[in-house]
Structure formats: C-alpha cells, structure tokens
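Here are my notes on this one, jotted down as numbered points. Have the structure open while you read.

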Amino acid sequence: MHAMNRRTDRSDGTGADPRGARDTDVVVVGAGPTGLLLAGDLAEAGLGVTLLERRPAEISNLTRALVVHARTLEQLDARGLADELVAGGHPLTGLRLFGRATIDPTQLRSRFPFVLVTPQFEVERVLERRARRAGVTFRHDSEVLGLDQDAEGVTVRFRTAEGLGSVRAAYVVGTDGVRSTIREAVGLPFPGRSVIRSLVLADVRLAQEPDSPLTFNATGEAFALIASFGGGWYRVIGWNRHRQAADDAPADLDEVRELTRLALGSDYGMHDARWVSRFHSDERQVPSYRVGRVFLAGDAAHVHSPAGALGMNTGLQDAANLSWKLAAVLRDRAPDGLLDSYQTERHPVGKQALRSSGALIRIALLPTGPGHAVRALAAQLVNRVRPLSRRAVRTISGLGITYPAGPGAHPLAGHRAPDFRLAGGSRLYELLRQGRFVLITPAGEPGVPQAPASGGDSPRPADDRVVTASWRSERRTALLVRPDGYIAWATDATAPAARTAALRGAVSHWTGTEDGASIATALTPPAHAADTPAGR
C-alpha cells in the first residue's frame, strides 16, 4: 500500500482552523457496513479517516440484512475478508421465490457461486476489525448537527456527551442511513414513497428446523422469510394483509406466528422471541450522490424493499466504487473530476436495485386470485427460459453490473473482472488487496512501462500505482483492472510496438501520471446492468 503521514483528528470542540487546515482527510458519518468498508479502504490507502457514529460503542446496530451476494463477496475477497465470512455463514446454491421459481447461483462464473446467509452484524464485525487495524479514528456517541463546506474542505459539527465539537476534512461521506443527517445538511431531497407498511421483524427460537437456512414464500395474503442467525436463533421478516398497523403499534409473537403460518404453512414452533418490531419500507433515491465535497452512499442515497436482499450489498458496492477514487484524488493527485464518475456509475445501479426489488415485492403483494397466476407464470419463465434465468441471477448477484467505457473502448472495458487465475498461482482478487490497478499481460511480455515526466513535473513512476501479472494461460489480451475489480482498459494488439504504446497510454490515462485530466474524462454516460462478455 501507499503510505503517508496520517493527519491527527483535532475534533476537540475548538472548531476548524480559519485558514482551512484539515484535521483529517475524510470524515465518514455512519458506522454501518457501507461506512466501515469505505473507512477501511481509505485508511489502508494511507489516508486519515475519522468515522462519526451516533450510537455509543456498546450498543449494536439493529441489523436487517441477512444475505451477501456473489459480487459483494468478491469485493470482500479483494480485502481478504470473504473466506472468514463464508466459513461462519450458510452458503446456499439455490433460492426459491414464491414456492416455485428457483434462482440458481451455481451457474455464476465466480469463486462464490452461491448466496451467503449471514447476519449483517457479522459483516460489520469483520469490516470494523479491519478499519481499526488500518488506523481509522472511531468517534461513537457523536451526533452530527450539520456541516459547512467551502472550496478547501468541509467542517462537520457534532455533539457528544462532553459537549460540542467539530472536525474538518477534505471530503465527507454520509453513510448514515435512511434518516441521513448529512443528506439533510446538504439540502438533498429524497423523493419516493412507501411501498409496503406494517412489516414485522422478530428474532425467535424454533422447535422445528426449516429445510433451508433461508426459507421464503408469498401467497398474496402474506409473505414470510425465516433465516438462521446461528446459535439457535432465527430472524423472521413478514407481512400480513389482514394485520396492517402503524409503525409504533405493538407487535407480538402471536402476530409473527400467524403471518408465518399464512405464508409458509407452519410457524415451526416459534417461541422465546427476544424482540419483535414493526416497520415500513420505502422506495427512495436522491437525485445526486455528490454535492461539492460531500457524498452519499448506501441507504443514505437509496432505499428500497427487502425483496432480493439488495440493500446492504448495493451499499457495500457503492463504497468500493467511491473509496479508490477518493484515494486517487487525495493521494495520487488525480483530478477532482474523477469523483463525478461515482454519480455516473452508481446512481443507475441504485435505480436498478429499486426496480428489481420493487418488481419482486409487487408480485409478492398481489392478492390471492390474480397473484397466484402471475407468480406461477413468473416461476415458469424463470425456471424454463435460460437467458431469463441467467439474467435474473446475474442481476440479483451483482455480477451483471457494468459501467460505461466511452466510445471506441474495447468490448471488455467497463465490465466486472472475474477472478482470473494468473501465472505463479496467484489470483486477480488476491492482487487487488494491494488497493492498486492490476495490469495483466501475456506471459513473457514486459510489465508496466515507465510514464515519462511532462513539463517540469516529476511524477512518480506508473508502477507505483499498478501491480503487474501475467496470464497463466496462452491468452493474448492485455487488461488493466481498476482497484474495484472492473476492467478499465483492454487491448488485443499483438505487434510489440503497438502494444507497448497502448500500455503506456492506458497506464498514463488511468493513473493520471501523464495527463491528469484523462482519468476523469475516461468515465462518462450512465451505467447499466446486463450480461457481460467478461463474466460469461
């Protein structure tokens, strides 16, 4: 990793230096999965990071997420965290929707051809440990009151049990959830509406063990999901058309039993609920993920129904997209315009998540008569039409997400890079743990060419930002892979002179060593989700 001296957090209530001096490089607000991954990435890149969290350290987060999809596992693998998480969870090789439709992740070309059932607090545990080891400054029991930004930085004002304080940084990222204070502070609307009310959430013990660690069904009158938490505990999420109430209305174990019997045909002998709560689910998205030096990610930027288990996964992938760009600007002097690509690439992905989860929840909510026919037809299409089945699993898993590559780019550019096996026994996602671009060239060819100095500047050599590797196979394509595991550039040129020139141009273009503006202009028009040649 690149190293630099971390700035000391001077958030002691004295306020920011009027001359614009910074206390830290980045302030992250919200210590959920999205904020923890982002903060850990930035700290591992050698940047100073302060993470502000309203909850006291001893109070855990109310976790609703239960599933980690394949693309998120790949991102965690690029940080050395996936194997531990998989070992403690429940990998599922099939998901049943509405009792008939089956999503088959075994067809995915990934190191993780399954859906991992594991509670959100386990994801947070491994991410928090990594962030602390990397040097993130945690400030719990810190309620953000507002912020002020100018051309040089952002000052975040907060309150603790000891009084008022502030911290100044180059950038601020709000990962503080649906009720984001940061979103409100920058004046962003959160347009949308409630899609489902009176959802019930409970942790219970069961006398009878379900057939699968993740059980789900919808009948039109009710739906229910039961997932194993480990230690004999099960999370239940459900809805009953005939028991609609306000969020603050009491919910009890009898209500959970009833909706589970309606949806699944059994309550599995539920007993000893340690807590039961009621909530509603919205579909909302901010129009812009960036306002000046302030960014939003995760539920602060987009929120949708729990159908498809896309919420935590989309937020973690937001963080993976933004972190390397912030590091490139702050550490490597890449142009600030690179950060605009976060909006370009991730806003359409958030919109797609709203559409996908929205379609699933609306099918689940259809009344019994017409709903039964629609659910049966959807099941037949998913089970029998292979292209549709493949598209469905790639959309839900996140492997089908692509980013724009610009005119004239190689067909692979913008696609997610699979975990290629490389010469010497290494894997691509092991190399990505260094937080740098990875250049893969045919065996026996030279690695990264040195970027010449331009004008009076003496930039660091290109290979300070790029790690090189060779194909284990006879493949002749050369690839430059971004730190977030997407292909930045590729060439099939075979003539040595042409390939060397293309390599030099690509490295300069993407690492900013020769023409700083090019790294920003490389990322244009909106992203989309589709089948990709890189992942087939």
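1. Starting with a strand pair: β16 (residues 270-285) and β19 run antiparallel and are joined by two bridges. Across that pairing, Arg284 stands opposite Val303 of β19. Bear in mind throughout that this is a predicted model.

2. That pair belongs to an open sheet of six strands, ordered β13-β14-β15-β12-β16-β19, with antiparallel pairing. Where does the sheet end? Its edge strands are β13 (214-218) and β19 (302-303), each of which pairs on one side only.

3. Stepping back to the whole chain, there are 13 helices and 25 strands. Of its 536 residues, 57% count as buried. If you take contacts between residues at least 6 apart in sequence, 72% of them join residues at least 24 apart. The exposed area comes to about 21,000 Å², with carbon and sulfur atoms supplying 51% of it.

4. Next, a second open sheet, this one made of four strands in the order β22-β21-β23-β24, with mixed pairing. β22 (466-470) and β24 (487-491) stand at the edges with a single partner strand each, so one side of each has no neighbour in the sheet. From one strand to the next, the twist averages 15 degrees.

5. Within that sheet, β21 (residues 437-441) pairs with β23 (residues 478-481) in the antiparallel sense, over three bridges. Leu439 has Leu480 of β23 as its bridge partner. As background for reading such pairs, side chains in a regular strand alternate between the two faces of the sheet.

6. β23 also pairs with β24, again antiparallel, this time over four bridges. Here the bridge partner of Ala478 is Thr491 in β24. The hairpin of β23 and β24 has five residues between the strands, and Gly485 in that hairpin takes a positive phi near 85 degrees. Is β24, an edge strand, mostly covered or mostly open? Mostly covered: five of its five residues are buried. So the side of β24 that lacks a neighbour in the sheet goes along with a strand whose residues are buried.

7. On to the helices. The axes of α7 (residues 311-332) and α8 (residues 340-365) come within 10 Å and cross at roughly 175 degrees. That makes the two helices roughly antiparallel. On the α7 side, the contact uses Thr314, Gln317, Asp318, Asn321, Leu322 and Lys325, while α8 brings Ser341, Tyr342, Glu345, Arg346 and Ala353. By type, the residues of this contact split into three nonpolar, four polar and four charged.

8. Which residues does Gln317, found in helix α7, touch beyond its neighbours within four places in sequence? They are Arg71, Thr72, Arg346 and Ile401. Arg346 is one of the α8 residues in the helix contact described above. Gln317 counts as buried because its relative accessible area is 6%, and the cut-off for buried is under 20%.

9. Last, a loop residue. Arg109 sits in the loop between β6 (101-103) and β7 (115-117). Is Arg109 buried, exposed or partly exposed? Its relative accessibility is 47%, so Arg109 counts as partly exposed. Along the chain, Arg109 and Leu399 are 290 residues apart, yet their C-alpha atoms are separated by 8.9 Å.

Note on methods: Residues are numbered from 1 along each chain as its sequence is written. This is a predicted model: local features need pLDDT of at least 70, side-chain atom pairs count only at pLDDT 80 or more; totals for chains, interfaces and linings use all residues. Side-chain values use heavy atoms; hydrogens and water are left out. Two strands pair if DSSP finds at least two bridges between them. Axes are lines fitted to C-alpha atoms, for helices over the stretch in contact, and angles run from 0 to 180 degrees between N-to-C directions. Buried means under 20% relative accessible area, exposed over 50%, partly exposed in between (1.4 Å probe, protein chains only). Contact means heavy atoms within 4.5 Å. Accessible areas come from the Shrake-Rupley method with a 1.4 Å probe; for residues, only the protein chains shown count as cover. Angles under 35 degrees count as roughly parallel, over 145 as roughly antiparallel, 65 to 115 as roughly perpendicular and the rest as oblique. Ala, Val, Leu, Ile, Met, Phe, Trp, Tyr, Cys and Pro count as nonpolar, Asp, Glu, Lys and Arg as charged, and the others, Gly among them, as polar.
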